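Here's a quick briefing to read alongside the model. Have the viewer open and follow along.

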Amino acid sequence: VTQFNLHGIEKYKIHEMQEEFAMQGINRYVRLLGVISWFLIVPGCINSADKGEASYDINAARTVKNLIPVAIIGSGPAGLSAAIYTCRANLKTVVIAGEEPGGQLMKTTYVENVPGIKRLLGSDVVAGMRDQAIKFGASIMPGAVVHIDVTRWPFMITLHGGQELCAMSIIIAAGAQPRFLGVPGEQHYWGHGVSACAVCDAPFYQDDEVVVVGGGDAALEEAMHIANYAKKVTILVRKDHFRASAIMQDHLMKGFKNIQVLFNVEVTEIVGDGVLVTGVQLKNTKTGNISKYPTSGVFLGIGRVPNTQFLPHEIETDQEGHIKLKGRSQETSVPGVFAAGDVADPVYRQAGVAAGDGIKAALDTERFLNNLGLTREMIQELESQFVGMAQTDSSNETLESLHSLADLEKVLAESKTPVVLDFYTEHCPSCLQLMPKLARAAHESEGKVVVYKVNAENLFEVAKKYNILKVPSLVVIKQGKEVARYVGDDASVDFASINGVQVLLKRIAQF
Ligand SMILES: Cc1cc2nc3c(=O)[nH]c(=O)nc-3n(C[C@H](O)[C@H](O)[C@H](O)COP(=O)(O)OP(=O)(O)OC[C@H]3O[C@@H](n4cnc5c(N)ncnc54)[C@H](O)[C@@H]3O)c2cc1C
């Protein structure tokens, strides 16, 4: 492990490694995940003697470790746009990527309403922003924030895993996540027929009949995407009309013969055979009649909730959890903490708006730090306290692919150790995040476990054979028989950390 200061060499190394990755033909999405680098964070952040009221005295920064002038929480359009501006203003910036690097745009296909971009894949739009932020010096850090302490300054940010950062300013750009129905069966069949990501999971429903719940833009977009795969898609709308924009309704009416709509229905339960979804129970919102509607997939398209659960009460939010802002600025109720994008936007929720918010938040942050006395000279004085970054070459380890059912049969016949099949799709960010961790953990197992990646979309017959309805899914096979299975959102496994994946493979090695 080599440690680099945040200046100079580490930026060069990131670019060098990215180019090397591109040369190896590794999927472009990998660039978005921040898996190629991570930070060396010394334990602790603020000495106990420094604890107390937030004084906003620049001298208080002199005694802390893991210091960073700007910490941005979230790597979607808001966070990355903010990073472009803060870095260009020569303010050292760490972007904490969260569990969905790149944010919501990673889950969509083409985007054609971001000004200046006629039509591009959502992931490419984000890749452009990320590359631009890195070009100006942003450091992207994997991981999620679990707590912020704003009762002291510099603020203390705690990550899942316990690492601590001391931030002189914070931009919260944590976006939003799917809203759930809260009905019986939803959690039980999550990943076994219930999904909130059509782009990730629609390929598993080829020639099936599925339902999409919701009447807004998100529901219609999900339905139109799934219609490319499924035999029939039924949109279930609680009211007697759509909430979606006129243009989306127009798109729907024009070209999708396999989509039908049921108005005035509410899903009251998701039912199945214990393993897979077989239908939904519906209540007619006008008559109260209960009926059963057969389906093998339920896609939730009922909106998103802001990711603000980890915030302290000092940062004020509205009833839904959106961060409250002051006037036309991006300032929150805590000086030095700013917010941008969907996390503070109950109305517009568009990438262009989020990016604009990010820019405003960055300009507000710059003004705040200037007023505090963070001059160029002061930055030089504090530099030795800035959080360091590390890299190893373990990211070069990759998983071997299976290319056919025959390939798989040969591997299973020859292997004496447990074989793990890692089912993924190229549009699934969490799958691509998991891969390098699996590769590293498999390498360290010294042959006690072998792991193969299986593109579930291309090798549909293998995915079907193992009943894969959610990615990532790890299927463990020993002596030709499935002995265990772990779906990506399995709470019993910590897929987010290398440690969690190492522990899992050690467990599998003992099967
Ligand atoms: C299916 C779909 C299609 C869409 N299509 C379009 C379109 O065509 N055009 C358009 O303009 N908009 C579109 N949008 C909306 C657009 O994607 C969002 O408005 C935009 O992504 C919001 O950006 P954001 O940066 O605020 O948040 P997000 O994109 O949600 O990003 C949030 C980031 O915060 C991170 N995060 C969350 N919690 C934490 C934590 N505790 N610690 C650290 N990080 C955290 C996440 O990992 C993520 O990186 C679409 C949205 C969806 C769902």
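Two strands count as paired if DSSP finds at least two bridges between them. Helices (H or I, at least four residues) and strands (E, at least two) are DSSP runs, numbered from the N terminus. With that in hand, here's one pairing to find: Ser473 has Val487 in S27 as its bridge partner.

This is a predicted model, so local features need pLDDT of at least 70 and side-chain atom pairs count only at pLDDT 80 or more, while totals for chains, interfaces and linings use all residues. Residues are numbered from 1 along each chain as its sequence is written, and side-chain values use heavy atoms, with hydrogens and water left out.

**Around the ligand**

- The shell around the ligand has 35 residues, and Glu100, Gln104, Asn113, Val145 and Ala351 come nearest; a residue is near if one of its heavy atoms lies within 4 Å.
- By type, that shell splits into 15 nonpolar, 14 polar and six charged residues. For this split, Ala, Val, Leu, Ile, Met, Phe, Trp, Tyr, Cys and Pro are nonpolar, Asp, Glu, Lys and Arg are charged, and the others, Gly among them, are polar.
- Helix H2 (77-88) and helix H7 (351-372) each put at least two residues into the shell, and H7 gives the most, with three residues.
- Polar contacts here are pairs of N or O atoms within 3.5 Å (within protein, one must be able to donate a hydrogen and the other to accept it, and residues adjacent in sequence count only if both atoms are side-chain atoms).
- The side chain of Ser75 has an N or O atom 3.1 Å from an oxygen atom of the ligand.
- Two backbones join in as well: a polar backbone atom of Ala174 is 3.3 Å from a ligand oxygen, and a backbone N or O atom of Glu99 lies 3.4 Å from one.
- The protein covers 91% of the 1,000 Å² of accessible area that the ligand has on its own. Accessible areas come from the Shrake-Rupley method with a 1.4 Å probe, and for residues only the protein chains shown count as cover.

**Salt bridges**

- There are 10 salt bridges in the structure, each one a side-chain nitrogen of Lys or Arg within 4 Å of a carboxyl oxygen of Asp or Glu.
- Lys232 pairs with Glu209, with the closest N and O atoms 4.0 Å apart. This one links distant parts of the chain, 23 residues apart: Lys232 sits in strand S14 (residues 232-236) and Glu209 in strand S13 (residues 209-213).
- Buried means under 20% relative accessible area, exposed over 50%, and partly exposed in between (1.4 Å probe, protein chains only). Lys232, at 27%, is partly exposed, and Glu209 is partly exposed at 35%.
- Arg440 and Glu444 meet at 3.3 Å, N to O. Both lie in helix H10 (residues 429-444), four residues apart, about one turn of the helix.
- Glu482 and Arg485 form a salt bridge with their closest N and O atoms 3.0 Å apart; Glu482 is partly exposed at 40%, and Arg485 is partly exposed at 26%.

**Strands and sheets**

- One open sheet has five parallel-paired strands in the order S12-S19-S13-S14-S15. Strand S12 (194-195) and strand S15 (259-262) are at the edges with a single partner strand each, so one side of each has no neighbour in the sheet.
- S12 pairs with strand S19 (residues 297-300) over two parallel bridges, and Val194 has Val298 as its bridge partner.
- Why is strand S26 (residues 473-478) largely enclosed by the rest of the structure? It's because five of its six residues are buried.
- S26 runs antiparallel to strand S24 (residues 419-424), joined by five bridges, with Asp422 opposite Leu474.
- S26 also pairs antiparallel with strand S27 (residues 481-487), over six bridges. In the hairpin of S26 and S27, two residues lie between the strands, and Gln479 takes a positive phi near 50°.

**Backbone oddities**

- The Trp153 to Pro154 peptide bond is cis, with omega about -5°; Pro154 lies in the loop between strand S8 (145-149) and strand S9 (155-159).
- Val471 to Pro472 is cis as well, omega near -5°, and Pro472 is in the loop between helix H11 (460-465) and S26.
- Asp207, a residue other than glycine, has a positive phi near 65°. Asp207 sits in the loop between helix H4 (198-201) and S13, and counts as exposed at 59% relative accessibility.
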